[in-house]
Amino acid sequence: MTNTYKYLFTPLHLGNTILKNRIVWTGHGTRFTTGPMPTKRLRDYFVRRAKGEVGLIITEASAVMLSGRSRGDAMCPYCDDIIPEYQKIAEGVHAYGSKLFVQLTHAGINEYKSFGYPVVGPSKVRSSNSQ
């Protein structure tokens, strides 16, 4: 029998980062946050993936500023208070040899309108799925 996936469990050099294998857990919304803060539930979720031998974990979309959130419970690494929570996630994932990338985002004109911040974007035209 031939090994169809002979490279799957081999290291991968990705720029300056070396992944232990080529298994990637892509970013997707979990809603395991409290406001902009990651929770223990979210940390445990990512750590379980690392324990399961995922080489690279990409977090769910994390808004770069409060006014850039697309929903009220979106993660936001915009202030120093959040850094310790992200650090706990990184330490948990790194304990199993996995790497963690943060998916940065800004909702632009589709910002969650109930936040009360000025909407920032390249156009005043909102998408059909805007809130």
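Buried means that a residue has under 20% relative accessible area, whereas exposed means over 50%, and partly exposed lies in between. The exercises below apply this to a predicted model.

**Exercise 1. Find which residues of helix H1 are buried, and state what covers them.**

Step 1. Begin with the span of the helix: at 1.5 Å a residue, the 12 residues of H1 should span 16 Å, and the end C-alpha atoms of H1 are indeed 16 Å apart, which agrees.

Step 2. Apply the definition of burial along H1, and the buried residues turn out to be Leu42, Arg43, Tyr45, Phe46, Val47, Arg49 and Ala50.

Step 3. Look for what covers these buried residues, and you will find that the cover includes E3, strand E4 (33–34), E5, E6 and H2.

Step 4. Continue just past the end of H1, where Glu53 takes a positive phi of about 80°.

**Exercise 2. Determine on which side of helix H2 its buried residues lie, and what they pack against.**

Step 1. Helix H2 comprises residues 83–94, and its 12 residues should span 16 Å at 1.5 Å a residue, in agreement with the 16 Å between its end C-alpha atoms.

Step 2. The buried residues of H2 are Glu85, Tyr86, Ile89, Ala90, Gly92 and Val93. They cover an arc of only 165° around the axis, and therefore they lie on the same side of H2.

Step 3. A general rule helps in reading such a pattern: an α-helix has 3.6 residues a turn, so residues three or four places apart point the same way.

Step 4. The partners of the buried residues of H2 are strand E5 (37–38), helix H1 (40–51), strand E6 (56–58), strand E7 (62–63) and strand E8 (99–101).

**Exercise 3. Describe the order of the strands in the open sheet, and place the two helices relative to the strands.**

Step 1. The open sheet is formed by three strands in the order E3-E6-E8, with parallel pairing. Its edge strands are E3 (24–25) and E8, each of which pairs on one side only.

Step 2. Between E6 and E8 the parallel pairing extends over three bridges, and Leu56 has Lys99 in E8 as its bridge partner.

Step 3. Helix H2 packs on the sheet, where it touches E6 and E8, and its direction makes about 145° with that of E8.

Step 4. Helix H1 lies across E3 and E6, and runs at about 155° to E6.

**Exercise 4. Compare the burial of His28 and Glu60, and trace the contacts of their side chains.**

Step 1. Locate the residues: His28 is in the loop between E3 and E4, while Glu60 belongs to the loop between E6 and E7.

Step 2. With 32% relative accessibility, His28 counts as partly exposed, whereas Glu60, with 1%, counts as buried.

Step 3. Although His28 and Glu60 are 32 residues apart in sequence, their C-alpha atoms are 4.7 Å apart in space.

Step 4. The side chain of His28 makes a polar contact of 2.8 Å with that of Tyr45, and the side chain of Glu60 makes one of 2.5 Å with that of Thr30.

Step 5. Leaving aside neighbours within four places in sequence, the residues in contact with Glu60 include Leu42, Phe46, Arg71 and Met75.

Key. Residues numbered from 1 in each chain as written. Predicted model: local features only at pLDDT ≥ 70, side-chain atom pairs only at ≥ 80, totals over all residues. Heavy atoms only, no water. Helix = DSSP H or I, 4+ residues; strand = E, 2+ residues; numbered from the N terminus. Expected span 1.5 Å × (residues − 1). Buried < 20%, exposed > 50% of the residue type's maximum accessible area, 1.4 Å probe, protein only. Arc of directions from axis to C-beta. Contact = heavy atoms within 4.5 Å. Pairing = 2+ DSSP bridges. Axes fitted to C-alpha atoms, helices over the stretch in contact; angles between N-to-C directions. Polar contact = N/O pair within 3.5 Å; in protein donor to acceptor, adjacent residues only side chain to side chain.
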